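Work through the exercises below with the sequence and the model at hand. Each task is followed by its solution.

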Amino acid sequence: MSIGSGLGAQLGIAPEVTYGTYVAPTKFLEFTKESLQLKKVTAQSAGIASNRLLPLASRRVVTQRSGTGSLDMEVTNKGMGLILQSLMGTTVTPVQQAATAAYLQTHVLADVAGKSLTIQKGLPLTTGVVTRKNFLGCKIISAEFSCEVGGMLTVSIEIDSKDCEETSVLAVATYPVMAPFHFGQMSVKTGTYASEVARDGIRKVSVKFERPQATERYYAGQAGTKKEPISNDLVKITGSLEGDYVDTVLDDLHTSDGGMSFVWDFTGPIIAAANAERFTVKLPVIKLDDAPPTIEGPDLIKPTFNFTGLYDGTNQPSIEYMSTDITL
């Protein structure tokens with residue numbers, strides 16, 4: 001029995017071999033909130049019969065099924081690999097660093113074909129009995145990472161799902177000992193690619209990856225469910241830098257529309273040797289879009305520079321993740 005409230009909830013994930021085919025969860029995420037739910041399209045017969053005043057319940061049918069929703073969570077020093085792989089697209093095997101317990105995952109931007117998840121959520125009744133909903137064929141449509149003064153590094157994920165079923169058994173949740181990345185570990189570097197220098201005065205950073213996909217692939221012979229979404233537009237990377245007006249570097253780049261490389265890093269405790277727990281977003285080139293400094297009153301000038309991540313022609317955006325995870 002579990003606690004009969006959200007405190008007794010659980011969320012487990014597993015990579016699928018075949019899109020939309022259930023795989024028992026192997027990893028369990030600590031999350032702050034979620035909104036995954038079944039979506040169904042129904043059709044009601046409109047046939048007229050003598051003296052019938054209401055449509056017949058037996059003549060209502062479900063013509064399409066899918067799932068959608070969001071997942072909010074803190075980014076932790078363990079257990080993030082499957083989420084990052086599903087977002088970025090590269091098939092990743094953690095690489096051991098020398099003979100230490102540190103393993104590096106390098107998630108380089110690639111197509112997300114074949115990268116789908118089974119997500120199982122356990123919902124407690126007030127009695128403590130936990131019901132389950134298994135979302136099949138889950139594809140990450142977008143993920144926004146954010147961290148500000150005094151806060152944790154968080155991510156908000158938008159998910160598209162092929163279907164939801166409630167027959168597969170509830171998995172037993174187990175959690176590794178883990179800790180969140182946070183503002184005290186954050187640094188920002190900008191400049192020439194591979195030679196970036198630390199930026200001063202930054203208070204808040206956000207980066208959003210959007211993976212546009214054709215999510216309406218409903219065909220005859222699919223029992224009202226969709227086939228795997230296919231990438232159907234360019235990837236969109238956007239973000240913002242909020243801080244104090246300590247120099248004119250960003251302001252000048254906004255004026256000239258010049259590009260710069262961007263490295264957003266969180267470095268935690270040492271795992272072994274010189275290898276620390278680490279989460280790093282690398283964007284080879286960003287360009288600042290709007291919001292040059294304005295004076296709002298007597299306080300410090302605090303510009304927010306919104307940016308777009310682009311391709312420099314050689315290097316792809318990536319997320320590096322150093323942890324003790326031997327597998328995703």
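**Exercise 1.** How much area does the chain expose, and what share of it do carbon and sulfur atoms supply?

Solution. The model is predicted: local features need pLDDT of at least 70 and side-chain atom pairs pLDDT 80 or more, while totals for chains, interfaces and linings use all residues. Residues are numbered from 1 along each chain as its sequence is written, and side-chain values use heavy atoms, without hydrogens and water. The chain exposes about 16000 Å² (Shrake-Rupley method, 1.4 Å probe). Carbon and sulfur atoms supply 55% of that area.

**Exercise 2.** Determine whether helix H1 is covered, and what comes after it.

Solution. Helices are DSSP runs of H or I with at least four residues, strands runs of E with at least two, both numbered from the N terminus. H1 spans residues 81–88, and 8 of its 8 residues are buried (under 20% relative accessible area, 1.4 Å probe, protein chains only). Among them are Leu82 and Met88. Gly89 follows H1 and has a positive phi, near 105°.

**Exercise 3.** Classify the ring pair Phe262 and Phe307, and place it in the chain.

Solution. Rings of Phe, Tyr and Trp (its six-membered ring) pair if their centres lie within 6.5 Å; planes under 30 degrees apart are stacked, over 60 edge-to-face, the rest tilted. The count is 8 aromatic pairs. For Phe262 and Phe307 the centres are 5.3 Å apart and the planes at 45°, so this pair is tilted. Phe262 lies in strand E18 and Phe307 in strand E20, so the pair ties together parts 45 residues apart in sequence. Phe262 is buried at 0% relative accessibility, and Phe307 is buried at 1%.

How values were computed. Buried means under 20% relative accessible area, exposed over 50%, partly exposed in between (1.4 Å probe, protein chains only).
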